[in-house]
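Work through the exercises below with the sequence and the structure open. Each task is followed by a solution in steps.

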Protein chains: 2
Amino acid sequence: MKPATIRDVARRADVSVASVSRVLTGAGPVTDATRKRVMEAVEALQYVPHSGARSLSTSKTSTVGVILPDLYGEYFSELIRGMDLAARALGYHLIVSSSHDDAEEASAAIRSMRGRVDGLIVLSPHLGAANLAGSLAGRLPVLLMNAGADAGRPSIVVDNHGGAVAAVEHLIATGRRRIAHIAGPTGNLEAEARLAGYLEAMAAAGLPTTVVDGAFTKASGHEAGVQLAAMATRPDGVFAANDNMAIGAMLALQEAGVRVPEDLAVVGFDDVPLAGLVHPGLTTLRINIAEMGRSALERLVKLIQSAGAADADAACEVVRPQLVVRPSTNPATQNPTRASRASAAAAVPLPEGENP
Amino acid sequence: MKPATIRDVARRADVSVASVSRVLTGAGPVTDATRKRVMEAVEALQYVPHSGARSLSTSKTSTVGVILPDLYGEYFSELIRGMDLAARALGYHLIVSSSHDDAEEASAAIRSMRGRVDGLIVLSPHLGAANLAGSLAGRLPVLLMNAGADAGRPSIVVDNHGGAVAAVEHLIATGRRRIAHIAGPTGNLEAEARLAGYLEAMAAAGLPTTVVDGAFTKASGHEAGVQLAAMATRPDGVFAANDNMAIGAMLALQEAGVRVPEDLAVVGFDDVPLAGLVHPGLTTLRINIAEMGRSALERLVKLIQSAGAADADAACEVVRPQLVVRPSTNPATQNPTRASRASAAAAVPLPEGENP
DNA sequence: CTGTTAGCGCTTTCAC
DNA sequence: GTGAAAGCGCTAACAG
């Protein structure tokens, strides 16, 4: 009734367990005759190696853990997709663990990974989590993402500050002067860097600033949009800390009769797939999210495989977002509506995939 | 240098490993004094139990595997989110494995799960995969999703046929008569059920049918839209086998100068978050995807915990999609643009979540 | 080339 | 209440 073990196979093939192991792992010398007998027994018994046992024996799990704050929305799904792709290619499994809002939970999640994974990718937008990962992971290789530019630890970060500056400069370049910012949640390092970039760029241009609070959600963006629309001297441009909020704000503005971009131009951040599909298409700072995920996983595996090597790769890779101009700031870059698709085609790549 | 083991703790606390185990697992009688000594040692050594070893010993991994055909797009990310939520609540981990287009790959993925998980959720939109899962999984509990109504095996399926009929009937009810269908990929059970529903409903109404091929992707929907727009007697309604294609088709139609819904009404399937945000909002058949994922995981865990029980839950749960009417078929249900948000609010819930 | 054996780190009877 | 010892299923020396 219970699944066959390597001993059952050995017994049946009338060889030692060692030989079975050799045949199955492909390591070590084996006679063709032996191999054949083993394979037959494997077949007959429907034997499948127990990877847990193998892991314990080799102290390698071929699995990496991904610790996320949340699993909502396109940003993270894209990220995981990229990681999964790379993991498959490298023969690794992916174990995901999300919804860790506070450091406490994340901490528990990380400890529970010991003996289960060979390494960890930790997304820690909150300050505490970064240290956390280091202290708790023990000797486990860890790759940090979206944390501040934490020196001395392998990590990948987005140039949030630079992106924010680019966003503001683009708005200014298109003639906007009263530019507001919809900020992300306080305590979130990425949100804070984007806010800082906004403030700096505005100061550099000698323009007054307006900041509305948000929480990275579409709903919070919507609220912010309502506020913007109701302002006495309404802004003529807004830079939202992410696409989600930008989209929420656009909806609110349009509901209030504010025309985008004529009355008010909107810029987001991330370039989630949705950004190119809303109406009007959203100008944003593109991060190739899936690609970043792929890169993260590959680096982690490299880290794992060279574990202990002195030339530890403790670099902090910086991903620079790229400005993608769409109709939400520039009417000339029309949405693909009743118009030639030519101009929009480049800016609005359609994500693929067979989804029911 | 290496992480501490239970023996290190035992030595340090000057007790047996058994006692350490008892303290840590909370099982068995222990003196307060002993417990205290153990905890101190644990603290001092930064000891974290090795879950792999524990798994081998208890033959429980507290992990479930999810086998997916692909990880692209909102459908699957929503699904995983629901599963992850339930898994956390039940103390389980989630290991995801995707991009298994053919049965061969899925097969390999499934076997590689042995000894790594306590059960499997298999999404097998292709015929072969379902059987496969059964035969390969051995004594592993398996929950099938999105396979045909496979009797005699625990599963969750969407009532694709019924949904398709509802879609067509809605189009007919709004006065459409030349109703086309954009089909999903052949060989995909869900796509085929939706096609069958369309054909049946049309036949029942005595209307002629038009079927355009698609592949569940936005791009294929776009192509289909181009074809529809170019037809000699253009349809005045179209039912796409999923939202992705419906959205792609809408874009193509609008580019061709066809007005939606005035000239041509569009209905999708799934109600992915995007459906409520495109312009015009897409009428579709709503499946609460995350909820379905949650339900799937909970059922699997129940299956695991009652493993071997005679009253095996081999039921096939049927999820009935619900028609959500939006402007793509009914101009009266306006998009939230320059209009009261009241009517649209119910139909266009904004998904939440903090995403950078 | 093959078999024997000692673990991997932990849980769990079973005596004491 | 506590400890010694026997595995969980597999791999990897080490002898033959």
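**Exercise 1. Polar contacts to DNA strand D**

Find which atoms of B:Ser16, B:Thr31 and A:Ser57 approach DNA strand D, and what they meet there.

Solution. The model is predicted.
Step 1: start with B:Ser16, where a backbone N or O atom is 3.0 Å from a phosphate oxygen of DNA strand D.
Step 2: turn to B:Thr31, which uses an N or O atom of its side chain, 2.4 Å from a sugar or linking oxygen of DNA strand D.
Step 3: A:Ser57 also brings a side-chain N or O atom, 2.6 Å from a sugar or linking oxygen of DNA strand D.
Step 4: place these contacts among the elements; those giving two or more residues to the surface near DNA strand D are helices H2 (17-25) and H4 (51-58) of chain A, and helices H2 (17-25) and H4 (51-58) of chain B.

**Exercise 2. The surface near DNA strand D**

State which residues come nearest to DNA strand D, and how the surface divides by class.

Solution.
Step 1: 25 residues lie around DNA strand D, and the nearest are A:Ile6, A:Tyr47, B:Arg22, B:Thr31 and B:Thr34.
Step 2: on the DNA side, 64% of the strand D atoms that come within 4 Å of the protein are sugar and phosphate.
Step 3: sorted by class, the surface has 10 nonpolar, 11 polar and 4 charged residues.

**Exercise 3. DNA strand C**

Describe the surroundings of DNA strand C, then its polar contacts with B:Ile6, B:Ser21 and A:Ser57.

Solution.
Step 1: there are 23 residues around DNA strand C, with A:Arg22, A:Thr34, B:Ile6, B:Tyr47 and B:Arg54 the closest.
Step 2: by class they are 10 nonpolar, 11 polar and 2 charged.
Step 3: H4(B) gives the largest share of this surface, 4 residues.
Step 4: for the phosphates, a polar backbone atom of B:Ile6 is 2.4 Å from a phosphate oxygen of DNA strand C, and a polar side-chain atom of B:Ser21 is 3.0 Å from a phosphate oxygen of that strand.
Step 5: for the bases, a side-chain N or O atom of A:Ser57 is 3.2 Å from a base nitrogen of DNA strand C.

**Exercise 4. A helix pair in chain B**

Decide how H10(B) and H11(B) are oriented.

Solution.
Step 1: helix H10 (residues 218-230) and helix H11 (residues 243-255) of chain B pack with their axes 6 Å apart, at an angle of about 40°.
Step 2: H10(B) is therefore oblique to H11(B).
Step 3: the crossing of H10(B) past H11(B) is right-handed.

Note on methods: Residues numbered from 1 in each chain as written. Chains lettered and ligands numbered in written order. Predicted model: local features only at pLDDT ≥ 70, side-chain atom pairs only at ≥ 80, totals over all residues. Heavy atoms only, no water. Near = heavy atom within 4 Å. Polar contact = N/O pair within 3.5 Å; in protein donor to acceptor, adjacent residues only side chain to side chain. Nonpolar A, V, L, I, M, F, W, Y, C, P; charged D, E, K, R; others polar. Axes fitted to C-alpha atoms, helices over the stretch in contact; angles between N-to-C directions. Parallel < 35°, antiparallel > 145°, perpendicular 65-115°, else oblique. Left-handed = near helix turned anticlockwise from the far one by under 90°.
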